[in-house]
Amino acid sequence: MLNIMIVDDEVLIREGLAKIIGKESPCFRVVGQFPDGEDALRHLPELEVDVVITDIRMPVIDGLELIKSLRATHPHIRSILMSGFTEFEYAREAIRVSAVDYLLKPINKEQLFELLYRLHDEQETSREKEALHRQRLIHTCLHSEAVAEYVWEELSLPRPYFVAFVQRAGTEESEHTQTCGRSLDNFDPEWLFDRLAVQHRLQVFIFYFAEAPGADAVHRIGKLLTGDAFHGGADGRVHAGSSNVYNDVKKLKAAYLEAKLACDTGIYGHALRHYAPYGAIGDRTSPPQVQEITAAEWEFFTEQLHLLHLAPLQEWIQRRFERLRSEAASPEAIVETCTTIEEAAAAEIRELKDIFESPAYAGRKERLLACLSFSEMKQLFLSCFMGALSELQKARKEMGSKAVETVKRWIAENYSRHVELNTLANLVFLTPSYLSKLFKHETGLTLTEYIAEIRLKNAKRLLRTEPGMKVHQIGAEVGYPDPAYFNKLFKKMVGVTPNEYKKML
């Protein structure tokens, strides 16, 4: 919108111009009419003016002096000179002092509006460039831990006071952007604001004010940002929060964090349309601290994970989520906890890492952050995590017998070699603890017992078929280089010593 000031000592001309300009287009608005340059300059600080249409000859301060003063103090204001005199000197002087154009009285409406529309288009282009540059600088301020001084020097806000609003809506980004555009058409045209997308489905609005707004004005904007004009997700949820009022550009990030803290409280409420001002959530300056998972809790989790006991694991996760609820954890803290649990599980069980990296599980973090209720976040994580464990359990059942047979075959071919449990587990891509459990379930023996059985079976064969070999040689041959231990183990498992067994043949 082009804000226009008219300055002319003839009241009929002032009012006539204001009337025809007001009727021409909603793009034009006359914000002041004054009889001379002195009066215009006195009222200028309280007005937002883009264009001054002024007569040349006026008492006190004439048009040329007014334009010179505007050029010195308000260089962004464009000027149009009017005069009933056609002398070239006036036109040349007007151009010299940077008037936009020179119009003769009586004013030609077509010429006037052609000029005003051109100025309006130029203004819109200039404002779009300024807004884009300003939004880039604001984005830097919101996401940087330390902002370079040149950013503050370049960042100029269009009005002295501002309030940050954060809005989270559970819609796809493209849909939300279109909906948001339609919704902003319902905003008060007097409002001036910047809108930035800072996260998936999370937007920040910076509203600017000429004077510090009252709580009612801020509340009105907050309710509009959560109104029916903004479409929510499947259940229609939209959350918003607002900051305190500031007039220091270096408080932009603080304002954003305040608004986000207020917005985040919506995940614990039941209302589909949730708005909270920062003042309503206490004096918190940062998200609540989340208690870390203890070593004992991790030990229980790891034990149940290796055994793939799904019910205890689900109960463990639900207890963790209940603690997050009691701590009023932020969405980011909830996602961080979920990520930590996943990473710990993947570090323990290699197959889980492959499952989590598969296309079916892609974008989990973004989907969690897009949730607009705590229960939705919990359900989504449980569904993904327990689904991955069920998938792993099914795969292991299918490959269990095959894995045991592979290990048994390896032992049959290498029974005399010393072997670590980890080596056998890596052979079949299982964790050591799970292989031990699986082997015992399939054979009825532990791996140690099975290896001993195979070795002694071969020792008995050698005692029968190699009468020339000494007992200690046979023990070493099957993997027991310590004669005493070989004799003790042989008697325990066979019932007689190797020499006694040999005499019985």
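# Helix packing and sheets in a predicted model

Helices α10 and α11 run roughly antiparallel to each other (an angle over 145 degrees; under 35 would count as roughly parallel, 65 to 115 as roughly perpendicular and the rest as oblique). The model is predicted, so local features are reported only at pLDDT of at least 70 and side-chain atom pairs only at pLDDT 80 or more, while totals for chains, interfaces and linings use all residues. Residues are numbered from 1 along each chain as its sequence is written, and side-chain values use heavy atoms, with hydrogens and water left out.

**Confidence**

The mean pLDDT (the predictor's confidence in each residue, from 0 to 100) of the chain is 88, and 91% of the residues reach 70 or more. In residues 171–182 the pLDDT falls below 50. Beyond near neighbours in sequence, that stretch still has 20 contacts in the model (heavy atoms within 4.5 Å).

**Helix pairs**

Helices (H or I, at least four residues) and strands (E, at least two) are DSSP runs, numbered from the N terminus. Axes are lines fitted to C-alpha atoms, for helices over the stretch in contact, and angles run from 0 to 180 degrees between N-to-C directions. The table lists the axis geometry.

| Helix pair | Residues | Angle | Axis distance |
|---|---|---|---|
| α10 and α11 | 295–307 and 310–326 | roughly 150 degrees | within 9 Å |
| α11 and α12 | α12: 331–348 | about 155 degrees | 11 Å |
| α18 and α20 | 447–465 and 483–494 | roughly 95 degrees | within 11 Å |

α10 passes α11 in a left-handed crossing (the near helix turned anticlockwise from the far one by less than a right angle; clockwise is right-handed). On the α10 side the contact is made by E297, W298, F300, F301, Q304 and L305, and on the α11 side by P312, L313, W316, R319 and R323. By class, this contact has seven nonpolar, one polar and three charged residues. Here Ala, Val, Leu, Ile, Met, Phe, Trp, Tyr, Cys and Pro count as nonpolar, Asp, Glu, Lys and Arg as charged, and the others, Gly among them, as polar.

α11 also packs against α12, and from their angle these helices are roughly antiparallel to each other. The crossing of α11 and α12 is right-handed. W316, R320, F321 and L324 of α11 meet I334, T337, C338 and I341 of α12. Six residues of this contact are nonpolar, one is polar and one is charged. W316 of α11 thus appears in the contact with α10 and in the contact with α12.

The crossing angle of α18 and α20 makes α18 roughly perpendicular to α20. Residues A452, E453, L456, A459, K460 and L463 of α18 meet F486, L489, F490, M493 and V494 of α20. That contact has nine nonpolar, no polar and two charged residues.

**The parallel sheet**

Strands of a sheet pair through backbone hydrogen bonds, either parallel or antiparallel. Five strands form an open sheet in the order β2-β1-β3-β4-β5, with parallel pairing; strands pair if DSSP finds at least two bridges between them. β2 (28–34) and β5 (101–104) stand at the edges with a single partner strand each, so one side of each has no neighbour in the sheet. On average, neighbouring strands here are turned by 25 degrees against each other, direction ignored.

Inside this sheet, β3 (residues 51–55) pairs with β4 (residues 78–83) in the parallel sense over five bridges. I53 stands opposite I80 in β4. Helix α3 (residues 63–73) lies across β1 (2–7), β3 and β4, and runs at about 155 degrees to β3. In the loop between β3 and α3 lies V60, whose phi is near 65 degrees, a positive value in a residue other than glycine. K105 and P106 are joined by a cis peptide bond with omega about -5 degrees; P106 is in the loop between β5 and α5 (109–143).

**The mixed sheet**

Another open sheet has five strands in the order β7-β8-β6-β9-β10, and its pairing is mixed. β7 (192–199) and β10 (273–277) are the edge strands, each pairing on one side only. Its neighbouring strands are turned by 20 degrees against each other on average, direction ignored.

β6 (residues 161–169) and β9 (residues 238–242) pair in the antiparallel sense over five bridges. R168 has H239 in β9 as its bridge partner. Helix α9 (residues 252–264) lies across β6, β7, β8 (202–209), β9 and β10, at about 40 degrees to β6.
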